[in-house]
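Reader: I would like to go through this model with you, one part at a time. Please show it to me before we begin.

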Amino acid sequence: MPEPSFIRSQLLATHGFQGIFSLRKGGFSQPPFDDLNLADNTGDNPAIVEKNLQYFIRAAGLNCPPHRAEQTHGHRVLKCHGTGTMHRQKADILFSEDGTPVAVRVADCTPVLIADPVHGRCAAVHAGWRGTAQSVVEHAVRALQNSGGNAEEFVASIGPCIGVCCFEIGAEAADTLRTCCNGAEDYVVQRKGKQFVDLAAINALQLHNCGLQSERIENIAEQQHTCTCCQANQFFSYRRDGQRSGRHLAIVASKTPA
Ligand SMILES: [Zn+2]
C-alpha cells in the first residue's frame, strides 16, 4: 500500500502551523471512491473511510483527528477545541480556538486555511461558488479578528480546486460572482459564449480585501497549476465523477497544540 499523498503548505509551516491538503492516492477505498476517500457521506464503507483517516493522520503527523462538520455552502462558524470529531452541526467554517486540527471536505470546492500565528488560532473554510459569492473567507477572518486577532498578521493557504479551465457556470451565477467583491470581475471569463470562474483567485482577492497582506496569501492552486477536474490521477472531482465519489480533507492545526 503506497503512503497517503498530500500537499503541505510551506507558508503555514513557516508560521508554526500545519496546512495539509489530502490527495487521492494511498488509501484503502475501492472504486468509485479510490483510494484515499476521507468522507463517509457519499456512499463509501464507513469502516474503510475511518481506516483511511487514521492512516492519513499518522502519515501527516497530526496528533488527533480533525474537527469536521456538515457543510452547507453557507458561512456559519463552528468553534472547536480539544480532540477532533465529526460534528453533526452545519458549518462551513471550522474555527479552532486552541490550535487543535480542523478540516473541511472538498472535491472541486476551494479549501482555504487561515491562521493567526500571534494567538495560535486557525480556521478551515469551505468555499464553493456559493460560499465564494457570500465571501465565506471574510466571515472566517472576522471570526479570528473577533477573538482578538489582527488580519495583517494572519496567513492563508488556498488549496487545489476546480480550475478556470473546467469550472463552467450559468449566467446568473457568473453575474453573482462578478459582483461578489471588489475586482472579482477579472476572474469570471467568457469563452465561446460560456462563463468560467477562477474560484481560487477570487478567494485570494477576498482575503486581500479584508486585510491580509499579499505575501501572506499562498495560492497553491495557481502555483502548482492544479485542477481537480482535469487531474483525475491526483484529485477527486464532483463535477467529473458526481456525488458518489471520494472527498479530500483540507486540515489546519498549530504545530504545538495547547
Ligand atoms: Zn481543469
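Reader: Which strand is included in what covers the buried residues of helix 2?

Author: This is a predicted model, in which local features need pLDDT of at least 70 and side-chain atom pairs count only at pLDDT 80 or more, while totals for chains, interfaces and linings use all residues. Residues are numbered from 1 along each chain as its sequence is written. Helices (DSSP runs of H or I, at least four residues) and strands (runs of E, at least two) are numbered from the N terminus, and a residue is buried if 20 or more other C-beta atoms, placed from the backbone, lie within 10 Å of its own, exposed if 12 or fewer, and partly exposed in between. The cover over the buried residues of helix 2, judged by contacts (C-beta atoms, placed from the backbone, within 7 Å), includes strand 2.

Reader: Which residues of helix 2 are buried, and how wide an arc do they cover around the axis?

Author: Helix 2 covers residues 46-60, and Val 49, Asn 52, Leu 53, Phe 56 and Ile 57 are buried in it. On the other side of the helix, Ala 47, Gln 54 and Arg 58 are exposed. The buried residues lie on the same side of helix 2 because the arc they cover, taken from the directions from the helix axis to the C-beta atoms, is only 130°.

Reader: How far does helix 2 reach from its first C-alpha to its last?

Author: Helix 2 has 15 residues, and the expected span, 1.5 Å times one less than the number of residues, is 21 Å. The residue that follows the helix is Gly 61, whose phi is positive, near 80°. From first C-alpha to last, helix 2 reaches 21 Å, close to that expectation.

Reader: How many residues of strand 2 are buried?

Author: Strand 2 runs over residues 17-22, and both of its faces are covered. Phe 17, Gly 19 and Phe 21 are buried on one side, with Gln 18, Ile 20 and Ser 22 buried on the other. The number of buried residues in strand 2 is therefore, by the cut-off of 20 or more C-beta atoms, six of six.

Reader: What is the order of the strands in the open sheet of four strands?

Author: Two strands pair if DSSP finds at least two bridges between them; strand 1 (residues 6-8) and strand 2 pair in the antiparallel sense over three bridges, with Ile 7 bridged to Phe 21 and Phe 6 bridged to Ser 22. Strand 2 also pairs with strand 15 (residues 248-254), antiparallel and over five bridges, where Gly 19 has Val 252 as its bridge partner. The open sheet has antiparallel pairing and the order 1-2-15-7, and its edge strands, each pairing on one side only, are strand 1 and strand 7.

Reader: Which residue in strand 14 is the bridge partner of Ser 157?

Author: Strand 10 (residues 155-158) points Val 155 and Ser 157 one way and Ala 156 and Ile 158 the other way, all of them buried. Four bridges join it in the antiparallel sense to strand 8, where Val 112 is the partner of Ile 158. Three bridges join strand 10 to strand 14 (residues 217-219) in the parallel sense, and there the partner of Ser 157 is Glu 218.

Reader: What percentage of the residues in the protein is buried?

Author: The protein has eight helices and 15 strands, and its C-alpha trace spans about 45 × 45 × 30 Å along its principal axes. Among its 258 residues, the buried share is 49%.

Terms used
Contact = placed C-beta atoms within 7 Å.
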